[in-house]
Amino acid sequence: MKDGFITHIKSHSELQETITRRKDKFFQLGLTLQPLVIIIGSNINEITQYFVYVNGTYYVLNSILSSVDCCFKAIHALNLEYPLESIPVWSFVQKGFYKMNTAWDTEFVSVNSIE
């Protein structure tokens, strides 16, 4: 679930391989790769780069908050779906932080309890 929300890799050299692996995984499931937050750093406490990947384009951002915000907005602006493995987390972000409801929402008891 965590890789579907924020993917952490240790070096820039892993970036393309990570995207290719995820695309292949979703292709086998009959799905497409949705926008994705990617952070790069030797460990989770030393992040050096923040990206949002959307359909072949990498957007460089300055923080984890701006990356999550950008990814969330890209998903909604482009009428895309949340990454399959992290729908509950994105639903929490949507309802908890953005106070949004849509006709396409998936209901989760744990997310609905915050309203």
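The exercises below, each with a worked solution, concern the sheet, one helix and the nonpolar cores of a predicted model.

**Exercise 1. Work out in what order the strands of the sheet lie and which of them are the edge strands.**

Solution. Begin with the order: 4 strands make up an open sheet, arranged as β1-β2-β3-β4, and their pairing is mixed. Next, look for strands that pair on one side only, which are β1 (6-9) and β4 (57-61), the edge strands. From one strand to the next, the twist averages 30 degrees. Then take one pair in detail: β3, spanning residues 47-54, runs antiparallel to β4 and is joined to it by 5 bridges, and Val54 stands opposite Thr57 in β4. Finally, place the helix that covers the strands: α3 (residues 64-77) lies across β1, β2 (36-41), β3 and β4, and it runs at about 0 degrees to β3.

**Exercise 2. Determine which residues of helix α2 are buried, and explain why they line one face of the helix.**

Solution. First establish the extent of the helix: α2 covers residues 15-28, and its 14 residues reach 20 Å from the first C-alpha to the last, close to the 20 Å expected at 1.5 Å a residue. Second, list its buried residues, counting as buried those under 20% relative accessible area; they are Leu15, Thr18, Ile19, Arg22 and Phe26. Third, view them down the axis of α2, where they fall within an arc of 95 degrees, and therefore they line one face of the helix. This spacing agrees with a general rule: an α-helix has 3.6 residues a turn, so residues three or four places apart point the same way. Fourth, turn to the face directed away from the buried side, which carries the exposed residues Glu17, Phe27 and Gln28. The partners of the buried residues of α2 are α1 (2-5), β1, β2, β3 and β4, against which they pack. After the helix comes Gly30, with a positive phi near 75 degrees.

**Exercise 3. Identify the residues with the most contacts inside the largest nonpolar core, and the elements that give two or more residues to this core.**

Solution. The largest nonpolar core has 17 residues, and Val37, Val68 and Trp90 have the most contacts inside it. Two or more residues come from each of β2, β3, α3 and α4 (87-96), with α3 giving the most, namely 5 residues. As a closer look at one member, Val68 touches Phe5, Ile6, Val37, Trp90 and Val93, when residues up to four places away in sequence are not counted. Apart from this core lies another, of 10 residues, including Leu15, Leu36, Ile38 and Tyr53.

Technical notes. Residues numbered from 1 in each chain as written. Predicted model: local features only at pLDDT ≥ 70, side-chain atom pairs only at ≥ 80, totals over all residues. Heavy atoms only, no water. Pairing = 2+ DSSP bridges. Axes fitted to C-alpha atoms, helices over the stretch in contact; angles between N-to-C directions. Contact = heavy atoms within 4.5 Å. Core = buried A, V, L, I, M, F, W, Y, C linked by side-chain atoms within 4.5 Å. Buried < 20%, exposed > 50% of the residue type's maximum accessible area, 1.4 Å probe, protein only. Expected span 1.5 Å × (residues − 1). Arc of directions from axis to C-beta.
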